[in-house]
Amino acid sequence: MAESDEDVDLESEQYEKHREAGEILAQVREETADRVEVGASHLEIAEYAEDRIRELGGKPAFPVNISIDEEAAHATPSIDDDSTFGEEMVNLDIGVHVDGWLADTAITVDLSGNPELAEASEQALEAALDVIEPGVNTGDIGAEIEDVINGYGYNPVVNLTGHGLGHWEQHTGPNIPNRAVSQGATLEVGDVVAIEPFATDGGGKVTEGASEEIFALEHEGSVRNRQARDALDQISAEFRTLPFATRWLETDRPEMALRRLKRNSIVHGYPVLKEDDGHLVSQKEHTIIITPDGCEVTTKSR
């Protein structure tokens with residue numbers, strides 16, 4: 001968190017890299033969303049977005065999340081995933097970093113015939129952005145999000161939040177709730193945060209599923225197994241503390257390598273988070289920098 005407005009140089013290199021990451025991400029989000037259609041491959045869509053990020057000069061900050069229907073987060077294709085899109089609600093959550101400085105964005109592509117649910121999270125995000133300025137309490141942002149989503153007849157997902165973005169850190173404080181809370185944090189000039197409303201026609205709480213394709217380094221360690229050592233070398237050098245996908249590992253038998261690293265508490269997994277079966281979740285997210293007179297949206301389409 002920033003100490004005072006005078007201490008923050010919003011033209012410094014770190015903020016320029018946040019902006020560069022956001023600009024790349026805005027372009028990739030739009031291009032990727034345009035490719036989501038019934039029959040398209042999940043794996044090809046994810047790899048398209050991740051490769052495009054690299055072509056444009058950034059690196060993926062985490063594996064492209066492709067969440068379907070009741071899924072809300074942490075779903076990404078496996079190594080030889082053959083899933084294709086049906087008449088479903090599709091959430092794309094994409095991140096970019098430039099030298100560890102991040103941007104994070106999400107969009108819902110509705111193939112399910114429920115456009116109002118997608119609109120609820122989109123309008124909730126707009127309402128949140130309208131009230132953001134230095135000194136605003138995150139609980140008040142959550143109240144705006146909740147009001148809009150409730151107004152559409154849906155529920156916010158209350159156990160998922162927006163979050164700060166640090167250097168090589170995808171989730172830092174402050175949390176930005178998706179409902180009114182009495183004990184929030186105060187946003188200050190220079191804070192970089194991701195605001196991400198989730199709307200659902202379910203109860204509004206997600207739980208962990210069984211599937212796990214995304215991992216992150218917990219701490220450095222040593223392992224005897226060659227594949228696990230090779231994987232750990234790549235993770236430490238390339239991803240550091242940022243999340244990565246099983247399919248990104250270049251070692252032989254990456255699933256086995258990850259099992260060994262997980263057993264030694266060197267990496268941890270991110271289970272898919274889901275609403276109850278039969279329900280739908282929509283999501284919309286932008287990354288912002290708090291400025292003296294409001295906020296700058298780094299992931300806005302140019």
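How much area is buried between domain 1 and domain 2, and what percentage of it do carbon and sulfur atoms give? About 1,300 Å² is buried between the two domains, and carbon and sulfur atoms give 66% of that area. The legends below take you through this interface in a predicted model.

**View 1. The protein chain is divided into two domains.** Domain 1 is made up of residues 13-210 together with 273-297, while domain 2 covers 214-270. If you place a marker at each C-alpha centre, the two markers lie 26 Å apart.

**View 2. Domain 1 meets domain 2 through 21 of its residues.** On the other side, 15 residues of domain 2 take part in the contact. Look here for Pro63, Ile79 and Trp168: these three supply 48% of the area that domain 1 buries against domain 2, more than any other three residues.

**View 3. One salt bridge crosses the interface of domain 1 and domain 2.** Please also find Arg247 and Glu50, whose side chains meet in a salt bridge with an N to O distance of 2.7 Å. Between the two domains, five residue pairs are in polar contact, counting pairs with both residues at pLDDT 80 or more.

**View 4. Helix α2 and strands β1 and β7 each give two or more residues to the side of domain 1 that touches domain 2.** To trace them, follow α2 along 42-55, β1 along 59-68 and β7 along 169-176. The largest share, six residues, comes from β1. Sorted by class, this side of domain 1 has eleven nonpolar, six polar and four charged residues.

Note on methods: Residues numbered from 1 in each chain as written. Predicted model: local features only at pLDDT ≥ 70, side-chain atom pairs only at ≥ 80, totals over all residues. Heavy atoms only, no water. Domains from an automatic or database assignment. Contact = heavy atoms within 4.5 Å. Buried area = accessible area lost by both parts, 1.4 Å probe. Salt bridge = Lys/Arg side-chain N within 4 Å of Asp/Glu carboxyl O. Polar contact = N/O pair within 3.5 Å; in protein donor to acceptor, adjacent residues only side chain to side chain. Helix = DSSP H or I, 4+ residues; strand = E, 2+ residues; numbered from the N terminus. Nonpolar A, V, L, I, M, F, W, Y, C, P; charged D, E, K, R; others polar.
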